[in-house]
Every structure is written in C-alpha cells, then in structure tokens.
2 protein chains.
Amino acid sequence: MGPQHRTMKEGPDISRIGAMLGDPARANILTALMSGKALTAGELAYEAGITPATASGHLRKLEESGLILPRKQGRHRYFTLAGDEVAHALETLMGLAAERGHLRSRIGPRDPDLRAARVCYDHMAGTAGVRIFDSLLGRGLLELGGTGVSLTGPGRAWATAFGIDLAPLESARRPLCRTCLDWSERRTHLAGSLGAAILANLQARRWAQRLQNSRVISFSDDGRAGFETHFPLAN
Amino acid sequence: MGPQHRTMKEGPDISRIGAMLGDPARANILTALMSGKALTAGELAYEAGITPATASGHLRKLEESGLILPRKQGRHRYFTLAGDEVAHALETLMGLAAERGHLRSRIGPRDPDLRAARVCYDHMAGTAGVRIFDSLLGRGLLELGGTGVSLTGPGRAWATAFGIDLAPLESARRPLCRTCLDWSERRTHLAGSLGAAILANLQARRWAQRLQNSRVISFSDDGRAGFETHFPLAN
DNA sequence: CGGATGTTTCGGCCGGGGCCGAAGCATCCG
DNA sequence: CGGATGCTTCGGCCCCGGCCGAAACATCCG
C-alpha cells in the first residue's frame, strides 16, 4: 500500500520518471541516446553493460514511461529519446549531477590516445577539448556568465571566420555553449552546439577523424599544426 | 558489482539523483519544498505520508545528494531545496511528468498563491505566466515558428512601448524567446531573456514582487489592474 | 530537575525489482 | 527451405532498500 495512504497529493508525479532514471543501466541507456542517434536494442545493451535480455525489459519500461520511442526496422529495433523535452530534462539533470559531483566512474582512461582527444557525446574532450576551451576563454572569445558560458562579440566573429555558421545553431533549441566537465582532465571543456560544430569543422577540414569503433579522435600532422595555430593559449 | 563492469564512461551520473527522485516518499518531500518554504522534518514526514523515522532516513539521503539543505533551529531541523538549480530541475521534470500523464491526482501546487504566480528560474510562471504568453500570442505579438517562439514586428513595438529595451537582449547570446512548460497549468509560458525582462519590468513598476523565501510572486492591487490591462486576452 | 516535544538510530521484516540463461519468436539471407 | 542474427519472454535467484516501532538523543520549558 505504500506511503500514498493519505489523501491525494497534487501535482505531477516525479517519482515515476525519477525511478526510470534511478537505475544505472537505464541511465546509461538514456545517456547513450543523448547523442541524438537512434541505437538498436543490442547496442544499448552493450552501452549499459547488461545482457540483451535485461536491456529488453528496461527498454520496455522506458518506452512505457514515454521517455524513448521505438522504430522498428527489419529485425532491429531502433530507439531514440522521445523528444526535445526529454533531452532537455536530461541535460538539466546532468548539469545538476555534475555540479553535485556525481560523476560516472572515476579513473581516467589509461589509453593515452583517449586522454589526448576523444569524442564526448558529439564534441571534443580530453586534452584537446580542454585546450579549445582554454584558448577561446583566454582570448576573450568566450566568457563565463553567472549561469554558464557564452560567446562574446569577438567570439562570434571568430566563429564565422573559422567557418561556422551560427545562424542555424542559434535558431535551434539546443544551447550554443555549454560547459562539460572533462573526466580525464578534471577541467571544463566546451559542449553545446558550438562544441559540436567545432568538432564537425575539424573533421570536415580533415584535421581530425574519429577512429572506427572508438571514441579516440586522431589528428593528422597538418591537422595538429592547424589546431595549434587556431587554438593558441593566451600569453 | 552492478552493470558498471565495463571501462569508464563519461559525463555526469544521472542515476544517483534519479534514484533520489524515484522514491515516492522522497518525491513528495521535494515537491513540498518546491514552495520555497523551509519545512521541518516532522512536517515533511506528514507531507510524504510516512513516519518521522522513515522521513529522517530520506532526509539524510537527500542531504547527502546535495538536493536539500538543513538549517538547525532549536529542536527543529528546517529543510529547503539546495538552490535554484535544484528547483529548476524539479520544475523541468514536473513539466515532463505532467506531459507524460504521470499525475498524482490534482494538478500543481496546493498553495493557491503559488498556482497564481510564481518565479520559474527568472521568469513568471503559474496562471499569470500563462496569461502573459496567451495574451502576446493572441494579439499577434508573438508567433510560433517551427523551432520555437519569436517576437513579431508589432511585438517588438509593444515591447519597446512597455519599457523593454530589446537591443541588449538581442546582442546577448541567450535566446530572446523560449517556451517553458508550466508545471501547474500544464501549458506553455514564456521564458528566455524576454520572459525575464517582463518579470523584471513588473517588479520595477512595483506591480509585483517576489515574497521572501518563497517563489510566490505577489501582485499589488494597482499591479493586478495594470497587469490585466496590459496583458488582455484576444477577442 | 523532570516531563513534553522533535528527531535520529537500531533491528528486523518484507516486497519489488534487477539480473541472468534458456528457450521462443521474428526477420533476413543464402 | 534452413541456418544465422536480433530481440523478447519466462522462470528463478537474490539483494537492495523502504517501512515501521521502540528506544535513544536532543532541546525546550515550567
């Protein structure tokens, strides 16, 4: 009979959704879907570190809660987050969790390549990710406000010159700039649509590419040189 | 050892906070604290429908998770939400829960004042918040685009006449207009820098003020009249 | 000081739910 | 058609954690 024996309470019931997020396996599934990509049940099982059987049960619950949407295709079932509101709520919670120091697993990656540069969701992390952030901040292209980080006037000019069209990014709902705590460096790097755009730009220039089946980002020789030039440290 | 047997993942761990929200008793406690008031352990036990012994354990966990803050006073312990970020995250989740049909039984906060007008982040929420949105939309001052909401030409004129200088808002990175799902009304209200500016303007006119230690926004008599006049419903 | 009130700790009960392997469907492909 | 691959269902194990009452602490008050 639980604690609801008293008269009705009011308001939305957070606990249903909270319970969904409260299981580590389900949280991993949702985090994996934050990339925006549609992933199959099997891929999500692997991401969450559980067997397909267990994942299937979790996916059913998440679907029933309205947090994810299935899309059947052949013998695969692809899942995506159920909408922008879900993604937004997850981001908000992630911000809160990060702020409270609730981070997933502790020890940094042993692989030096992974420490140097890797994909974090869809932006650059690792030494290179922190370097981008430090460079932009040190040159006054980014500024830290009370609530977060934002692009300055000179920063807007820089982005355009670098080849990033800000207009579509700013009309989208996703925040342009967002801080993300780098887990190997334990410092801040840049996320948000600008962070994603920078990584995409580096890949388009063929300065860097993501290795197959890995989060490692590998720089070409030219790419490394260009990167150093375009993201210098102030002073 | 749970499902984290695989190597490191990155990013914040939602599941810790999710687990906190996932218990109905704890969700009730947090919901009660959404009023912004400080409540004692006993009051929270009663609100959540559990014994003081059980509540004590929950409160300790919530405190350890950084979601609530204790304030000892005499033989009472008062608790409040740990900050605006927590309140904001809860509000976001409540909107999502309401949208998904996860209701407890009635809608929104018990406190009628809180339902009428309250602060959501930095803009107006509640009946008054929805009224602002409906009024501007109905009079063609706002328009709904594919991605979100934006100010129309007449809307810009209205804002200026109302005493809001749009120039600094538009040069800032933060979106001018943004929709936000209202937790008590379950409808859209206006967020973004314009939403914040409108609330600030109402306060500057002394039409409304935020009550101490509460999220409630209280209107003066003059203020209520002026509000009705300036935010009429179309037709 | 002693009794009233508020809060926490302790011990023990109990149920929900996460986990897996094996078997059962569904789908694709040669 | 039959074998591979992806996903779900079923059955059973097991542990986490919520719940309470009783008793211990803490604080106020007369």
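Helices here are DSSP runs of H or I at least four residues long, numbered from the N terminus. With that in hand, open the structure, and keep in mind that you are looking at a predicted model.

**Stop 1: a helix in chain B**

Select helix 8 of chain B, residues 153-162. Two residues to show as sticks are W158(B) and F162(B), which sit four residues apart in this helix, or about one turn. Are they buried or exposed? Both W158(B) and F162(B) are buried. Now look at their rings: W158(B) and F162(B) make a stacked aromatic pair, with 5.1 Å from centre to centre and 10° between the planes.

**Stop 2: helix 8 of chain A**

Hop over to chain A and select helix 8 there, residues 153-162. Colour G155(A), W158(A), A159(A) and F162(A), the buried residues of this helix. Turn the view until you look down the axis: these buried residues fall within an arc of 100°, so they line one face of helix 8 of chain A. On the face turned away from that buried side, pick out T160(A) and A161(A), which are exposed.

What covers the buried side? Show helix 7 (127-138), strand 7 (149-151), helix 9 (166-171), helix 10 (192-204) and helix 11 (221-230) of chain A, which are among the elements covering the buried residues of helix 8. Before you leave, click on G163(A), just after the helix: this residue takes a positive phi of about 110°.

**Stop 3: the rings of chain A**

Counting over all chains, there are 10 aromatic pairs. For one of them, select W158(A) and F231(A): the ring centres are 5.8 Å apart and the planes stand at 65°, so this pair is edge-to-face. The pair joins distant parts of the chain, with W158(A) in helix 8 of chain A and F231(A) in the segment after helix 11 of chain A, 73 residues apart. W158(A) has a relative accessible area of 13%, so it is buried. F231(A) is buried too, at 0% relative accessibility.

Next, add F162(A), F219(A) and F227(A) to your selection. Together with W158(A) and F231(A), these residues form a cluster linked by ring pairs.

**Stop 4: DNA strand D**

Time to show DNA strand D, which has 21 residues around it. Which ones are closest? Select G42(A), R77(A), T54(B), H58(B) and K61(B). Of the strand's atoms that come within 4 Å of the protein, sugar and phosphate account for 75%.

Zoom in on a few side chains. A polar side-chain atom of R77(A) is 2.3 Å from a phosphate oxygen of strand D, and for K61(B) the distance from such an atom to a phosphate oxygen is 2.5 Å. R26(B) has a side-chain N or O atom 3.1 Å from a phosphate oxygen of the strand.

Zoom back out and colour by element. Helix 3 (41-48), helix 4 (52-64) and strand 3 (76-81) of chain A, along with helix 4 (52-64) of chain B, each give at least two residues to the surface near strand D. Helix 4 of chain B contributes the most, with four residues. If you colour by class instead, you will find six nonpolar, eight polar and seven charged residues on this surface.

**Stop 5: a loop in chain B**

Finish at S65(B), in the loop between helix 4 and strand 2 (68-73) of chain B. S65(B) counts as buried, at 10% relative accessibility. Setting aside neighbours within four places in sequence, its contacts are R100(A), H102(A) and M20(B).

Technical notes. Residues are numbered from 1 along each chain as its sequence is written. Chains are lettered from A and ligands numbered from 1 in the order in which they are written. This is a predicted model: local features need pLDDT of at least 70, side-chain atom pairs count only at pLDDT 80 or more; totals for chains, interfaces and linings use all residues. Side-chain values use heavy atoms; hydrogens and water are left out. A residue is near a molecule or strand if one of its heavy atoms lies within 4 Å of it. A polar contact is a pair of N or O atoms within 3.5 Å; within protein, one must be able to donate a hydrogen and the other to accept it, and residues adjacent in sequence count only if both atoms are side-chain atoms. Ala, Val, Leu, Ile, Met, Phe, Trp, Tyr, Cys and Pro count as nonpolar, Asp, Glu, Lys and Arg as charged, and the others, Gly among them, as polar. Buried means under 20% relative accessible area, exposed over 50%, partly exposed in between (1.4 Å probe, protein chains only). The arc is that of the directions from the helix axis to the C-beta atoms. Contact means heavy atoms within 4.5 Å. Rings of Phe, Tyr and Trp (its six-membered ring) pair if their centres lie within 6.5 Å; planes under 30 degrees apart count as stacked, over 60 as edge-to-face and the rest as tilted.
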